[in-house]
Amino acid sequence: MEYTPASAVILIPSLEPDDRLPAYVRKLRERGFTRAVIVNDGSSEKYQPIFDELAGMEGVTVLKHEVNRGKGCGLKTGYTYIRDHMPDASGVITADADGQHTVEDCWKLAEALTDNSKRAMYLGSRDFNLPNVPPKSRFGNKTTSAVFKLFYGKWLPDTQTGLRAFRREDLQFMIDVPGERFEYEMQVLIACARAGIEMIPLTIETVYENENEGTHFHPIRDSYRIYKVIIGGFFKVRKR
């Protein structure tokens with residue numbers, strides 16, 4: 001089967017989005033993406049009109065968790081649906097619902113999937129040295145990159161990016177990675193490092209809107225989970 005960038009599926013887990021999400025999905029479709037899967041991760045009823053609007057768009061599938069289960073669960077719900085219902089998808093592009101990932105950067109990762117047949121995880125990597133990056137984000141991301149390099153021997157300039165791409169052959173691999181919330185994305189990097197899957201950073205635009213106020217990332221709780229995963233995963237391997 002011959003794939004094109006448009007044959008990749010956009011996957012967006014979402015908790016209580018605003019009107020920017022439908023506008024974003026429209027722009028993705030205008031750029032050439034033909035299919036998107038949106039996972040409503042337990043948003044309250046007042047957000048239902050936004051998801052109804054999304055569900056009314058051609059090529060858009062909306063899945064729903066009755067209660068909030070976390071970003072990792074949202075991604076796995078989407079992966080399972082794509083695996084079972086979209087056999088002709090070349091791969092998956094995961095993006096955040098808060099406007100940080102531009103349409104052109106999503107297309108850039110889709111092209112990477114099409115142009116390269118090797119097994120790899122593509123990571124949209126932001127530049128944390130730019131002046132528009134909030135200081136806490138700059139410090140947090142650089143520290144996490146250094147800790148990941150220390151324990152797993154791979155320097156990744158943006159370990160917390162939500163813009164990622166992989167080929168459909170790795171859908172089951174991603175579903176099997178443990179984790180339910182924000183720590184899941186770090187578990188994926190660790191799993192790739194252990195499995196020898198190449199992780200390829202691709203430079204993307206660095207967007208922070210309103211000091212990143214739209215994020216549902218909890219600085220203390222979720223950072224604790226992430227570092228627990230990094231350090232715990234290393235010692236778990238050493239004990240084997």
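**Exercise 1. Which residue in β7 is the bridge partner of Ala-120?**

Keep in mind that you're looking at a predicted model.

- Step 1: Find strand β5, which covers residues 120-125.
- Step 2: Look across to β7, where Glu-198 is the bridge partner of Ala-120.
- Step 3: Follow the pair along: β5 and β7 run parallel, with six bridges between them.

**Exercise 2. Work out the strand order of the open sheet and find its edge strands.**

- Step 1: Walk across the seven strands and you get β3-β2-β1-β4-β6-β5-β7, with mixed pairing.
- Step 2: Check the two ends: β3 (60-65) and β7 (198-203) each pair on one side only, which makes them the edge strands.
- Step 3: Look at the turn from strand to strand: ignoring direction, neighbours in this sheet are at 20 degrees to each other on average.
- Step 4: Add a helix to the picture. Helix α1 (residues 20-31) lies across β1 (9-14), β2 (36-41) and β3, and its angle to β1 is about 175 degrees.

**Exercise 3. Describe the surroundings of Arg-168: is this residue buried or exposed?**

- Step 1: Place Arg-168 in the loop that links β6 (164-167) to α6 (171-176).
- Step 2: Arg-168 is buried.
- Step 3: Hunt for a salt bridge. The cut-off is 4 Å, but the nearest side chain of opposite charge, Glu-169, is 6.0 Å away, so Arg-168 has none.
- Step 4: Try the backbone instead: a polar atom of the Arg-168 side chain sits 2.7 Å from the backbone oxygen of Met-86.
- Step 5: List some neighbours further off in sequence: Arg-168 touches several residues, among them Tyr-3, Ile-82, Met-86 and Asp-88.

Definitions and conventions. Residues numbered from 1 in each chain as written. Predicted model: local features only at pLDDT ≥ 70, side-chain atom pairs only at ≥ 80, totals over all residues. Heavy atoms only, no water. Helix = DSSP H or I, 4+ residues; strand = E, 2+ residues; numbered from the N terminus. Buried < 20%, exposed > 50% of the residue type's maximum accessible area, 1.4 Å probe, protein only. Lys, Arg positive; Asp, Glu negative; His and termini not counted. Polar contact = N/O pair within 3.5 Å; in protein donor to acceptor, adjacent residues only side chain to side chain. Pairing = 2+ DSSP bridges. Axes fitted to C-alpha atoms, helices over the stretch in contact; angles between N-to-C directions. Contact = heavy atoms within 4.5 Å.
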